[in-house]
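Student: Could you help me learn to read a model like this one?
Tutor: Gladly; let us look at it together.
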Amino acid sequence: MDKGRVILHLDLDYFFAQAEEREHPEYAARPVIVCVYTDIERGRGVVSTANYKARAFGVHSGMPIFQAKKLAHGKGAIFLPGNYGLYERLSLGIAEIVMKHGAAFEQSSIDEFFLDISPECNGDYEKAKGIAEKVKKGIIAKYGLTCSIGIGPNKLVAKIASDFKKPGGLTIVLPEKVQKFLDILPVDRIPGIGRKTKEYFDAKGIETVGDLRKTDPTILAEEFGKLMGGWLHNAARGIDESPVGVFEEQKQFSRIKTLREPSRELALIAEEMRVLVKDVVAELENSEVV
DNA sequence: CATCGTCATCGAG
DNA sequence: TTACGCTCGATGACGATG
Ligand SMILES: Nc1ccn([C@H]2C[C@H](O)[C@@H](COP(=O)(O)OP(=O)(O)OP(=O)(O)O)O2)c(=O)n1
């Protein structure tokens, strides 16, 4: 005991696109671009994710489909609508494999998992590496999917580590290496720092986590609020005590839809709204929360 | 003052 | 020529309420 925790974070590689490659092995040699269509005939919408063959041309999540088409033109790219039932089933099956390998388990998104393997490792990161390799093999064996894993002394470091080398990565950050590892990373590798916060830090000349670490916590609290400020101060030091496996009941159930084109036709809008409301109600009823 | 509901903003995946 | 999704969580400001 008293060796500190060992936390593992697993992120499935280019998940939706990899799932499609598994369903359609003949696609795997080509750029695969999974899309959310608002109008499939006209090819309108955005990219949900893309495999690495497509990413090589600059295609990425959130990009408008027309831009992806330009980038991938003449490259034999395959554009597909999402098959969410498939992704849900794979996610569920993979969760079962992952959770077998550690005491505390948590699924943080459709393709991300945390595992607290402290009891199994007792501070030994070689054991942690062995567990990571076993998990990877288990997922490959049953589902043929690859993932990237990060291991560190807490969720923050494990999460950043899993993103450090991908696809197919395994990054282990020993407790005594955490600060060196973090210091040279750009600030927006810290979860919670997105576009706006990065813009703020850019303007202040704060580029790396090392720069952030030198920033006065009082300033951070004033600028981003007490909670976020405190989080940033700690995160820059690799400090994160949050436990793995705390269940949170879902609080929001929502549906939203972009119309094929802007409209003020009440009849059309009302009909769309009926569908959305019905869908929310149905999910609510299936979900134990009333 | 404390708490509540609502709205806006930011972020993740 | 133009075209840019959807779902969910967290937080803070603000006015109403008591
Ligand atoms: N803006 C986004 C980001 C992600 N996703 C979906 C598609 C992804 O496959 C899945 C997981 O998101 P990740 O951020 O983990 O991205 P990927 O797994 O696609 O890629 P990577 O290998 O870089 O993790 O969530 C989405 O619909 N829209």
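Tutor: We will go through domains, the DNA contacts and the cysteines.

Tutor: This is a predicted model, in which local features need pLDDT of at least 70 and side-chain atom pairs count only at pLDDT 80 or more, while totals for chains, interfaces and linings use all residues. Residues are numbered from 1 along each chain as its sequence is written, chains are lettered from A in the order in which they are written, and side-chain values use heavy atoms, without hydrogens and water.

Student: Which domains does chain A have?
Tutor: Domain bounds come from an automatic or database domain assignment. Here that gives domain 1 (7-12 + 86-176), domain 2 (16-85), domain 3 (184-235) and domain 4 (251-290).

Student: Which residues are around DNA strand B?
Tutor: A residue is near a strand if one of its heavy atoms lies within 4 Å of it. Among them are Ser109, Lys159, Gly192, Gly194 and Arg195. Sugar and phosphate make up 100% of the atoms of DNA strand B that come within 4 Å of the protein.

Student: How do I read a polar contact?
Tutor: Look for a pair of N or O atoms within 3.5 Å; within protein, one must be able to donate a hydrogen and the other to accept it, and residues adjacent in sequence count only if both atoms are side-chain atoms. A backbone N or O atom of Gly192 is 3.2 Å from a phosphate oxygen of DNA strand B, and a polar backbone atom of Gly194 is 3.1 Å from a phosphate oxygen of that strand.

Student: How many disulfides does the structure hold?
Tutor: A disulfide is a pair of cysteine sulfur atoms within 2.5 Å. The structure holds zero. For Cys121, the nearest cysteine sulfur, that of Cys147, is 16 Å away.
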